[in-house]
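Student: Before I trust any label on a model, I like to ask what earns it. Could we go through one that way?

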Amino acid sequence: MASEWDLVIRNALVYDGSGSPPVRSEVAIKGDRISQVGTIGGAGAREIDARGHALAPGFIDVHSHDDFAVFATPEMDFKVMQGVTTDVVGNCGMGAAPYRPATAMIGGMHPGAHIPQWQGYGGYLDAVDRDPPSLNVAALIGHGTARLAAMGNARRKCDAAELSAMRAIVAEGVAAGAVGFSTGLIYEPGRYAATEEVIELARVMAGSTALYASHMRDEAAGLLDAIRETIRIGEEAGVAVEISHHKASGRENWGRVRDSLALVDAARARGLDVTADQYPYTAGSTILAAVIQNGAFDDGPATGGLGKVPADKLLFAAMPKHPEWEGLRLSAFCERWNLPARAAAERVASEEGAGAVVIVETMDEADVRTVLKHPSTMIGSDGVPAGAKPHPRLYATFPRVLGRYARDEKLLTMQEAIYRMTAMPARKFHLADRGLVREGYFADLVIFDPARIADIATYENPRRYPEGLSHVLVNGTIVAREGRHTGARPGRALRRA
Ligand SMILES: [Zn+2]
């Protein structure tokens, strides 16, 4: 007799993603969907005994830079093995289209990889469906990529013709089902945009459910003005807002998150849908050229978007031309070359070009906790998939929140932490029928041992899978079983609901 269900998971402690306390339950899956939750009579074609384990919706990584990685490394092991079943790509102004500027901005992370070609965001999403990775992919439209296409790297405001060229790029993405539009206002070329340019482009999304996500103009001394600018863009354009990697960067700015969160609360009280994402670490990671350009090594009180970065607080993550430098600190090169920090950094950047990615220790643990506790915060890895020594957030963001901050330090309950990675982002990014363990929802699921789940990736040894994760399912297909990737690639492009 054929069984009614393809898979039944029994004896799991089910965290349904809504933030409710867990209940012991059984879950039946048919095809790509959850068909029943509760007591399941009869046997499934396959069964998983999840005794001693928790079952949750698959995690949604709202802040990724995996636009090309999903083709270069389609098994996406660094995400799948931490329980991520959906990646939102295209953050910080770096989108997947148009193809040429996208390759200029993102291609450097994947030297030698074969990346297919596409036209527009519609073409990108179709390419994902044609050659799917192991997880689902939703895309943001990049402002930087659009600007590069419309006006090259011109260091000035746009004119009317350039604005309308950018508008057309955003409109194509919105129509194709992109989940929003992102800016990177500390980066080339986004940093030359006036607020009005961003408002005009965000307005293309008005009336749709697409949102505005921003790596803001300043996360240091000018953090509060940057928050105000971001909120203004959302309010004037009439769209929801997502603040990327909410933080106060640079020792001289520690503590400012209390004021930035107060601005977020005030905007929410006025009715704006503004939320943020965060990776649970005190170090960030970005392009070395941007660290230099934003004044991190300059003398004097006024610094740019990152605050000050001492040479011994900067680690080399990806150095495509000198991989032997990866894992070393800038201070070692100051000594080796007898140069001050800025000059040593410039020498590294000129030898390496745009592919140089670094880790900067710029945040306060107390601020990280303050932001994580706040109800506006969801989880996003901001992982940069490049180099031998990437920031460990690429591998371990979600287990670190669950193990360290929820279980061990009790900063959040386990159900609240899971909500911030599942139903909360699914609702915000309009990912239909995802983010809950509920009948009719897609079977994107994670099974883990709540007593054992832990991040073990470190700055010295970042490419390590977390502990305690047992199974990961994407669209009903098992992509990790007993802690091992199965090689299955059932991911899909997700178009905005
Ligand atoms: Zn960013």
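Tutor: Sure, here is the chain, label by label.
Tutor: Ground rules: this is a predicted model, where local features need pLDDT of at least 70, side-chain atom pairs count only at pLDDT 80 or more, and totals for chains, interfaces and linings use all residues. Residues are numbered from 1 along each chain as its sequence is written.

Student: What makes the radius of gyration agree with a compact globule?
Tutor: The radius is taken over C-alpha atoms, and the globule rule is 2.2 Å times the number of residues to the power 0.38. For 497 residues that gives a value near 23 Å, and the protein chain has 22 Å, so the two agree. The C-alpha atoms fill a box of roughly 75 × 50 × 45 Å along the principal axes.

Student: How many helices and strands does the protein chain have?
Tutor: There are 16 helices and 20 strands. Both are DSSP runs numbered from the N terminus: helices are H or I with at least four residues, strands are E with at least two.

Student: Why are β13 and β14 called edge strands?
Tutor: Strands pair if DSSP finds at least two bridges between them. The open sheet runs β13-β15-β14, with antiparallel pairing. β13 (283-287) and β14 (314-318) each have a single partner strand, so one side of each lacks a neighbour in the sheet. β13 and β15 (residues 357-361) share five bridges, and Thr-286 has Val-358 in β15 as its bridge partner.

Student: Which residues of α7 count as buried?
Tutor: Buried means 20 or more other C-beta atoms within 10 Å of the residue's own (exposed is 12 or fewer, partly exposed in between; C-beta atoms are placed from the backbone). In α7 (residues 195-203), Glu-197, Val-198, Glu-200, Leu-201 and Ala-202 are buried. Across the protein chain, 58% of the 497 residues count as buried.

Student: What makes a set of residues a nonpolar core?
Tutor: Its members are buried Ala, Val, Leu, Ile, Met, Phe, Trp, Tyr and Cys residues joined through C-beta atoms within 7 Å. The largest one here has 171 residues, and Val-291 and Val-358 are among those touching the most other members. Helix α14 (residues 393-408) gives the largest share, seven residues.

Student: Which residues is Val-291 in contact with?
Tutor: Contact means C-beta atoms, placed from the backbone, within 7 Å. Leaving aside neighbours within four places in sequence, Val-291 contacts residues including Thr-286, Leu-306 and Val-358.

Definitions and conventions. Contact = placed C-beta atoms within 7 Å.
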